[in-house]
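Please look over the sequence and the model shown here. The paragraphs after them go through some backbone features, a surface patch and the interior space.

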Amino acid sequence: MKVGSLAKTLDDRVGGAGFLNRAMRKAFANHWTFLLGEIALYAFVVVLVTGVFLTFFFKPSMEEVVYDGAYVPLRGVTMSQAYASSLEISFDVRGGLLVRQMHHWGTLIFIGGIVAHLLRNFFTGAFRKPRELNWLIGMALFGLVMLNGLLGYSLPDDLLSGAGLRILHGVTLSVPLVGTYLATFLFGGEFPGDDIISRLYSLHVLLIPGLLLVLVPLHAVVLTWRQMHTQFRAKGLNENLVRGDPFYPAFLAKTTAFLLWVTGVIALLATVFQINPIWLYGPYVPSTVSAGSQPDWYMGFLEGALRLMPPWEFTVFGHTVTMSVLIPALAAPGLLFAGLALYPFVERWVTGDRAVHNLLDRPRDVPTRTGIGVAGIVYYGVLWMSGGNDLIASTFHISLNATTWIFRVAILAGPVLAYVVTRWICLGLQARDRHMVVHGVETGMIVRGPGGGFTEVERPATEEAKAKLAPPAPESPPALPPVSNGDVPPPAKHRIRAALHRSWSSR
């Protein structure tokens, strides 16, 4: 009755009864992987709320002051207002340190949730038609959140974040032709300049959050509610049928509990586990770099790319092009993000599949895609581990030069080996599933026949199991252009496409 009354009230004023009634009845799949995106969404809410609190006390200025706050070891030290206000939030504002650490932990979980959600969508094929636009929006969100995390990490103007800004300055300078102008514009003069903190603050608090507030609802609500939800194959399901709980009351209660769990976990982490203790680092001084400096985990792959790249540079028309900075800073993330953004369209071109897909793939049923995904994970993981090559060398008493060369070899050989092994495993799992469909499920019972031989008793697979285990039929190969006179081969791009399709469809 209350829901009906609310719908009538909205319909009388804004004509929203139709949408509200459909929304209340919308079915949500029950599989646990569907909630991976909810982790990112609710962590984003926590980051927004805590960020608003921090803006009340943070002063985005590089004007120098003499600290006279509660933290005794730094009293009398000259520092920027940004760093002094960060110390004030940590030690003088009631609950300030808790909120600051919740903001930091929330950001890490936000990005971790995005990565988990992205991998789930990739390996199950949830990016296929009609969700290509939502996939691209998700990639844009991923890049914006990483960038905003880097900007927020730099705002306290402590010694650790200052080292990151020094790297950002060097990367900007390495851009051919315009690098010097970009660095001068961004930093307001020579490094470190007087304006970088205030400019990063404007981007971190206004521009990027504004874009996120537009893209997140579009990605998580508008397009998702406009389309059917994805689900795994099961008996009785098809591309036009969703089996699950309605939004109200089942999913609403579930997602509200999930919001409380995400908030509680972030609060617990912020309470128990210290993160980014800026008072231990001290204010940033351009002439000082602390040992063992490490960025947050999501920027570790860029740090690793910079450490692995050989010192290559050359001169063109009197200008030095520093490839040792330009390639890892632009090519490494460019390969990752461009590859992810373009992948749905590349797969559609290879397979010729333009059908609507609301049923998800099991990763083993698409071995080529799964192999590519694992190769990408290995590529990212090797770069990420390379960002700590100095700590690895120190901890395990290995030569720093040796660890660098090990990672250089691994970044080339690792993804290829991961692709081959993953594809082989997927094909093996497919063969096992086919055996179960045809011959039944192993029971573990061994019987002896009249001839003295031993055999295992197998029970037939249920219809529900067969619906999950039997992969869909492979797509038909993309049509090649007709060949005239029987002796003119098709264009190279069509032959390549046909070869890729054969490799893709092999099972």
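A residue is called buried when its relative accessible area is under 20%, exposed when this is over 50%, and partly exposed in between (1.4 Å probe, protein chains only). By that cut-off Asn 276 is buried, because its relative accessibility is 10%. The model is predicted, so local features need pLDDT of at least 70 and side-chain atom pairs count only at pLDDT 80 or more, while totals for chains, interfaces and linings use all residues. Residues are numbered from 1 along each chain as its sequence is written, and side-chain values use heavy atoms, with hydrogens and water left out.

Asn 276 sits in the loop between α10 (247-272) and α11 (278-281); helices here are DSSP runs (H or I, at least four residues), numbered from the N terminus. Its phi is near 50 degrees, a positive value in a residue other than glycine. Asp 157 also has a positive phi, near 60 degrees. This residue belongs to the loop between α6 and α7 (159-173), and it counts as buried because its relative accessible area is 9%.

Two peptide bonds are cis. One runs from Lys 129 to Pro 130, with omega near 15 degrees, and Pro 130 lies in the loop between α5 (96-124) and α6 (132-154). The other runs from Phe 191 to Pro 192, with omega near 0 degrees; Pro 192 is in the loop between α8 and α9 (196-226). For background, most residues other than glycine have a negative phi, and most peptide bonds are trans.

Helix α8 (residues 179-187) also contains Leu 182, which is partly exposed because its relative accessibility is 41%. Leu 182 joins Leu 177, Val 178 and Tyr 181 in a nonpolar surface patch of about 470 Å². Such a patch is made of residues with over 30% relative accessible area and no salt bridge, with nonpolar side chains (Val, Leu, Ile, Met, Phe, Trp, Tyr) joined within 5 Å. A salt bridge means a side-chain nitrogen of Lys or Arg within 4 Å of a carboxyl oxygen of Asp or Glu.

What does a search for cavities of 30 Å³ or more find in the whole structure? It finds 1, with a volume of about 80 Å³. A cavity is a set of points on a 1 Å grid where a 1.4 Å probe fits but cannot get out, and lining residues have an atom within 4 Å of a point. Helix α13 (residues 323-351) gives the most to the lining, with 4 residues. Lys 129, of the cis bond to Pro 130, is among the lining residues, as are Phe 127 and His 357.

How values were computed. 1 Å grid on protein atoms, 1.4 Å probe; cavity = no way out; pocket = protein on both sides within 12 Å on 5 of 7 lines; lining within 4 Å. Points joined across faces, edges and corners; volume = space filled by probe spheres on them. Helix = DSSP H or I, 4+ residues; strand = E, 2+ residues; numbered from the N terminus. Patch = residues over 30% accessible without salt bridge, like charges linked within 9 Å, V, L, I, M, F, W, Y side chains within 5 Å. Areas by Shrake-Rupley, 256 points an atom, 1.4 Å probe, with all protein chains shown as cover.
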